[in-house]
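Here is a short note for someone meeting this structure for the first time. Please read the points in order, with the model open beside them.

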Protein chains: 2
Amino acid sequence: MMARGDIIYPPSMGRWQPDAALRLQQAALSLYAERGFDATTVAEIAERAGLTKRTFFRYFTDKREVLFMGADELRALVTDATAAAPASATPIEAVAAGLNAAGVMFAQRHDFARQRHAIIAANPELHERELIKLSSMAESIAGALRGRGVPDPAAILAAQTGMTVFHVAFARWVDQPDPNALPRLIEESLDEVRALTAA
Amino acid sequence: MMARGDIIYPPSMGRWQPDAALRLQQAALSLYAERGFDATTVAEIAERAGLTKRTFFRYFTDKREVLFMGADELRALVTDATAAAPASATPIEAVAAGLNAAGVMFAQRHDFARQRHAIIAANPELHERELIKLSSMAESIAGALRGRGVPDPAAILAAQTGMTVFHVAFARWVDQPDPNALPRLIEESLDEVRALTAA
DNA sequence: CAGCCGATGTCACTTGGTGCCATCACGTTA
DNA sequence: TAACGTGATGGCACCAAGTGACATCGGCTG
């Protein structure tokens, strides 16, 4: 059948084909896009990747996680950038700096992000998982803010507000053509929140 | 064994004991508290409620939903109160009015909310479900704001910011003794966000 | 050459969740 | 009063997610 775009790995590359996790992710992404998340079984994903169900669960804790590969790295990127913001920056400005670090990274993955976003939007279970990833990132950012001397509850409120801004900006970003628009959209959403909460 | 607090329903009450959903919820809550969510099977919940697994899934779509019974009613309450806020209220003020309606309702259920909160906090799957309920409520509130003439993205940002405020305030509320403190905690958290986002 | 290591396969098993049909007390109607 | 429909429940088979235990086998190391 030769799935995953007919990529052929020469048999001389060792006992196993490399990048098992990546192959599983690509297989899952294509199947979720073709048939939908619910109608795809883990056995089918594994088969398309040339592996077995058991191996899938060695790389991913569950069927949803495959769409969130790299989330920890993204979280670390944003958190580090938040921590590294100038000492003069306010909490919200520090968070914005962190989010912009993510914005730069996403610029190279506009198409991928769009496909992934469509799959997630089509399924409530995946939406749940996305929300907890955002929540986890907010908690991590809040930790960075505490490291900057911001007390609770300001730290968690600033971090969570930042994630709200990011989420809205991200949704608008995937819905328009310019891959480099994310930083601008983040700034616009943040300004909107500022206007809304102005007393 | 006589579970669920040894409540005895006289056999003269009809063919089936009443309040099946409530009995299932109480059974689930106690088992989740005793053994943890993961270590509890649906068959055990149903048995404690005097029913079967099949009947459990007639009342709840899955094992998590049993902890979120009434969420739709709460959502309607908050949404209606948001829509009914004075026309002079800003978007955030309208959302705050909606959240306070929930605050009043929760005052009578402090103990229940605390136990439920502890169970949810102990399990990531339940945390996921809670987040999507908050997200769903935010979407509903945003709809009410649009009905008040608030355009997007302001509507969704205001609603989501409100849910952030509510979530933080709620966590603080279950962690302190006064059942009537929720409205005050909401107001404090909102003021904190105002201070954070002030340009 | 022997033996360890690590990624994978195999298999059995539990549990969440669903579809389908049977059951049976209750109310209604002829 | 007898037949009938109805609605909540039970029973059962079944699928798929996820896990634990053990086997496999090519490559690397001493």
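By what turn, and with what shift along the axis, can chain A be laid on chain B?

1. **Symmetry.** This is a predicted model. A turn of 180° lays chain A on chain B, with a shift of 0.0 Å along the axis. The RMSD of that fit is 0.0 Å. The two chains are therefore related by a two-fold axis.

2. **The axis.** Which residue of chain A comes closest to the rotation axis? Look for E128(A). Its C-alpha lies 2.8 Å from the axis. The two copies use the same surface: 100% of the contact residues of chain A recur in chain B.

3. **The chain A–chain B contact.** On chain A, 25 residues take part, and they meet 25 residues of chain B. Four helices of chain A each supply at least two residues to this side: α5 (91-106), α7 (124-147), α8 (154-174) and α9 (182-197). The largest share comes from α8(A), with 8 residues.

4. **Character of that side.** How do the residues of chain A that touch chain B divide by class? Nonpolar residues number 14. Another 7 are polar, and 4 are charged.

5. **DNA strand C.** Around this strand are 17 residues. Both chains are represented among those that come nearest. Chain A brings A20(A), R54(A) and T55(A); chain B brings D62(B) and K63(B). Three helices each supply at least two residues to the surface near strand C: α3 (53-59) of chain A, plus α2 (42-48) and α3 (53-59) of chain B. Of the elements, α3(A) gives the most, with 3 residues.

6. **DNA strand D.** Which residues come nearest to this strand? From chain A they are D62(A) and K63(A). From chain B they are A20(B), T52(B) and T55(B). In total, 17 residues lie around strand D. Two or more residues each come from α2 (42-48) and α3 of chain A, and from α3 of chain B. The largest share is that of α3(B), with 3 residues.

7. **Classes at the DNA.** The surface near strand C has 6 nonpolar, 5 polar and 6 charged residues. For the surface near strand D, the counts are 6 nonpolar, 5 polar and 6 charged.

8. **Where to look.** For the contact between the chains, begin with α8(A), which supplies the largest share on the chain A side. For the DNA, begin with α3(A) at strand C and α3(B) at strand D.

Definitions and conventions
Residues are numbered from 1 along each chain as its sequence is written. Chains are lettered from A and ligands numbered from 1 in the order in which they are written. This is a predicted model: local features need pLDDT of at least 70, side-chain atom pairs count only at pLDDT 80 or more; totals for chains, interfaces and linings use all residues. Two residues are in contact if their C-beta atoms, placed from the backbone, lie within 7 Å. Ala, Val, Leu, Ile, Met, Phe, Trp, Tyr, Cys and Pro count as nonpolar, Asp, Glu, Lys and Arg as charged, and the others, Gly among them, as polar. A residue is near a molecule or strand if its C-beta atom, placed from the backbone, lies within 6 Å of it. Copies are superposed by least squares on the C-alpha atoms of residues with pLDDT of at least 70 in both.
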